[in-house]
Amino acid sequence: MQKPVKLVNYYFTPFAIALIVSAAVVSTPGPRIVTTALLLVLFSFVFNLATAKISETNPQIIQRIINFRLITNYLINIVLVYILIGFWGPMWLLFVLTPVATALYENTTKTAIVTFMASITLFLIYILKGISGSIGIGQALTHVVFIIVLSFFVHSLVKIKN
């Protein structure tokens, strides 16, 4: 179980940082939003490194660490997507990370729950931000379907490997 934690840190953390920094730098959403986003990404980076290290030294509590990481990262991603989606379209990709990480660590039921929660949350954010029209709704639904398909694809690959 420790290996998936390292993989998530190795691939997802740099991607999330790059996505958020590019949103803050390229789209210029304003100093308050930039500061909030950068503080959240800094916290997330330190949090994920620390919990990965704790999971290495305390394998008996790894399941609790994984759950805590999933919840914390999901909540941070909600805030980041909500404040930055209007400035940087690719921000929705943050909602791919938690379901795919869950697909690596967990059973099919938990993967389904987290995947559908992330998908619904993303769709609600789009609605709250004023997405409308057939093209806007179609794009939002495509993002939702992508999250679902990718999560179950990764979960299936992990099951084949094990």
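## Report on a predicted six-helix chain

At 1.5 Å a residue, the 27 residues of helix α2 should span 39 Å, and the end C-alpha atoms of α2 are indeed 39 Å apart, which agrees. The expected span of a helix is 1.5 Å times one less than its number of residues. Helices here are DSSP runs (H or I, at least four residues) and strands are DSSP runs as well (E, at least two), numbered from the N terminus. The structure is a predicted model, in which local features need pLDDT of at least 70 and side-chain atom pairs count only at pLDDT 80 or more, whereas totals for chains, interfaces and linings use all residues. Residues are numbered from 1 along each chain as its sequence is written, and side-chain values use heavy atoms, with hydrogens and water left out.

### The chain as a whole

The chain holds six helices and zero strands, and from the N terminus its elements follow the order α-α-α-α-α-α. Its radius of gyration is 16 Å, close to the 15 Å that the globule rule gives for 162 residues, so the chain is as compact as a globular protein of that length. The radius is taken over C-alpha atoms, and the globule rule is 2.2 Å times the number of residues to the power 0.38. Along the principal axes, the C-alpha atoms fill a box of roughly 45 × 35 × 20 Å.

Of the 162 residues, 44% count as buried. Buried means under 20% relative accessible area, exposed means over 50%, and partly exposed lies in between (1.4 Å probe, protein chains only). The accessible surface of the chain comes to about 8,700 Å², and 74% of it belongs to carbon and sulfur atoms. Such areas come from the Shrake-Rupley method with a 1.4 Å probe; for residues, only the protein chains shown count as cover. Among contacts (heavy atoms within 4.5 Å) between residues at least 6 apart in sequence, 75% join residues at least 24 apart.

### Helix α2 and the loop before it

Thr 28 belongs to the loop between α1 (2–26) and α2. Its phi is near 45°, a positive value in a residue other than glycine. Thr 28 counts as exposed, at 60% relative accessibility.

Within α2, the buried residues include Val 34, Leu 40, Phe 47 and Ser 55. Ser 55 has a relative accessibility of 1%. The C-alpha atoms of Ser 55 and Arg 32, which are 23 residues apart along the chain, are separated by 34 Å.

A nonpolar surface patch of about 460 Å² is made by Leu 39, Leu 42, Phe 45, Val 46 and Leu 49. Patches consist of residues with over 30% relative accessible area and no salt bridge; like charges are joined within 9 Å, and nonpolar side chains (Val, Leu, Ile, Met, Phe, Trp, Tyr) within 5 Å. One member of this patch, Val 46, is found in α2 and is partly exposed, with a relative accessible area of 48%.

### Salt bridges

Side chains of opposite charge can pair when their charged atoms come close. A salt bridge is counted when a side-chain nitrogen of Lys or Arg lies within 4 Å of a carboxyl oxygen of Asp or Glu, and by this rule the count comes to two.

| Salt bridge | Closest N to O distance |
|---|---|
| Lys 53 and Glu 56 | 3.9 Å |
| Glu 106 and Lys 110 | 3.6 Å |

Lys 53 and Glu 56 both lie in helix α2 (residues 31–57), three residues apart, about one turn of the helix. An α-helix has 3.6 residues a turn, so residues three or four places apart point the same way. Lys 53 is exposed at 52% relative accessibility, and Glu 56 is partly exposed at 33%. In the other pair, Glu 106 is buried, with a relative accessible area of 13%, while Lys 110 is partly exposed at 25%.

### Helices α3 and α6

Asn 77 is found in helix α3 (residues 62–84) and counts as buried, at 8% relative accessibility. Leaving aside residues up to four places away in sequence, Asn 77 touches Leu 94, Phe 95 and Thr 98.

Helix α6 (residues 133–161) has 29 residues, which at 1.5 Å a residue should span 42 Å; its end C-alpha atoms are 42 Å apart, in agreement. Its buried residues include Gly 136, His 143, Ile 147 and His 155. What covers the buried residues of α6 includes α4 (94–105) and α5 (108–128).
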